[in-house]
Amino acid sequence: MVLSHAYRISLEAEGPAARPAWQDLVARDETIALSKTPEWIDCICSSGHFSDATLLFRGEDGRRLILPRLRRTGIPASLGPFESPPQGWGLGADASGFLGEEGPASPSQTRALIQEIRRHPGLRTRVMVGGDDAAVWASVVPSTLYSTALTAQVLDLRGGFSTVFSTRFTSKVRSNSRKAQRRGVVVESDSTGRLVPVFDALYRSSVDRWAQERGHPLTLMRWRAERREPRSKFAAVARRMGERCTAWIAWRGGEPLAGILVLTRGPRATYWRGAMDKERARGTGANELLHHHAIEAACTDDRQSYDFGLYQTEELKRFKSTFGTHDVPVRSYYFERLPTAAAEARLHHTAKQAVHAAMRLARSGR
């Protein structure tokens, strides 16, 4: 009986000390996803809540392997928690996972890296993986490791915009795009940060609407939004990303109807955030026209895919699917000293149900 050789790795650097090797890898490969670059980690750190805790490993064959990772500031490293990436900073199908020299990590390398994470200090490390990485992880990760399944929706841009528009967009998207133009909707784009305040105002308005639609207390929704998406966040990303972050705003009669933020690197464009004034945008086709223009620009720049990100509601899933997207599996894995993630998820679900029940009771008693 021949036993397979286990790939061996060693930790070479952590945090800022890993930066030179990491920058070298990214500079030599434009296909590396934005979520796996030092620039994106710096965006996250600029929020003031996280510090760079990226891990650089060296394989037995000399290959460098990197896990982009962050640690909450003010908490000792022995406690963690570590995030890759933190909540609210994921980029859809291009979730973090490992960054390998000369291509993605193989199953044997991934298995070795997972073992290193399990041995590393910290009460919890959450790693989010998507696309091909998700398939590799699923083949080697221990079955006892707690994880949650998510889905990203991605549009294939190969063939150019004329092909995308005629064969992948549904007739509804094509019709609504034309309707928006007939009804006087115009789309403006900017990569200097000038339109970010307009987008932010639309986003805050959307938070209030989401609270009403989901039956959540308005003050709670505003608090959560300000915590996860503070007013400085969008501006910081636009400033640091420069031309890689484009704000698209749909206007009608001088009033903003809807907006999206799109991030780009190499072959990928990623729809990162969206917001709208639902009353003003209703029946105008503004959202379809926004993505129409952003997708056309991505095709012009020879991007290969347009990532619509993770879907949060069935309504959003249906909307994104009308552009001809396909589903991409994404999974979050929790490495824990104490098994609390599953209990926290159940507690969150119970609390959410209790809030909904209270809101229904309040409405029925009016």
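The lining of the second largest cavity has 4 nonpolar, 1 polar and 1 charged residues by class. This is a predicted model. The residues in question are F98, A105, T110, D133, V136 and W137. Helix α4, residues 131–140, gives the most to this lining, with 3 residues. The space inside is about 30 Å³.

How many cavities of 30 Å³ or more does the structure hold? There are 2. The largest has about 60 Å³ of space. Its lining is made of A33, L34, S35, L91, D94, L263, T264, R265, R268 and T270. Sort these residues by class and you get 4 nonpolar, 3 polar and 3 charged. Two strands, β12 (255–265) and β13 (268–276), each supply at least two of the lining residues. The largest share, 3 residues, comes from β12.

Now turn to a pocket. The second largest pocket holds about 740 Å³ of space. It is lined by 29 residues, and the closest to its centre are T31, D94, G131, D132 and R268. Two of these names have come up before: D94 and R268 also line the largest cavity. Several elements each supply at least two residues of the pocket lining: β7, α4, β9 (146–156), β13, β14 (305–310) and β15 (326–336). By class, the pocket lining has 11 nonpolar, 9 polar and 9 charged residues.

Next come the sheets. Strands of a sheet pair through backbone hydrogen bonds, either parallel or antiparallel. One open sheet has 11 strands, in the order β2-β5-β6-β8-β15-β9-β14-β13-β12-β11-β10, and its pairing is mixed. Which strands stand at the edges? They are β2 (50–52) and β10 (186–190). Each has a single partner strand, so one side of each is left without a neighbour in the sheet. On average, neighbouring strands here are turned by 25° against each other, direction ignored.

Look at one pair inside this sheet. Strand β11, residues 245–252, pairs with β12 in the antiparallel sense over 8 bridges. Within this pairing, I249 stands opposite G259 in β12. A helix joins the picture here. Helix α9, residues 231–241, lies across β11, β12 and β13. Its direction is at about 150° to β13.

Another open sheet has 4 strands, in the order β1-β3-β4-β7, with antiparallel pairing. Its edge strands are β1 (9–14) and β7 (99–100), and each pairs on one side only. Strand β4, residues 64–67, is joined to β7 by 2 bridges. The bridge partner of I66 in β7 is L99. This sheet meets a helix too. Helix α1, residues 19–27, lies across β3 (55–59), β4 and β7. It runs at about 100° to β4.

Last, consider two helices together. Two packed helices are described by the angle between their axes and the distance between the axes. Take helix α5, residues 161–168, and helix α11, residues 286–300. Their axes come within 9 Å and cross at roughly 140°. The two helices are therefore oblique to each other. Which residues of α5 and α11 meet? From α5 come F161, V164 and F165, and from α11 come H292, I295, E296 and C299. By class, this contact has 5 nonpolar, 1 polar and 1 charged residues.

Notes
Residues numbered from 1 in each chain as written. Predicted model: local features only at pLDDT ≥ 70, side-chain atom pairs only at ≥ 80, totals over all residues. Heavy atoms only, no water. 1 Å grid on protein atoms, 1.4 Å probe; cavity = no way out; pocket = protein on both sides within 12 Å on 5 of 7 lines; lining within 4 Å. Points joined across faces, edges and corners; volume = space filled by probe spheres on them. Nonpolar A, V, L, I, M, F, W, Y, C, P; charged D, E, K, R; others polar. Axes fitted to C-alpha atoms, helices over the stretch in contact; angles between N-to-C directions. Parallel < 35°, antiparallel > 145°, perpendicular 65-115°, else oblique. Contact = heavy atoms within 4.5 Å. Pairing = 2+ DSSP bridges.
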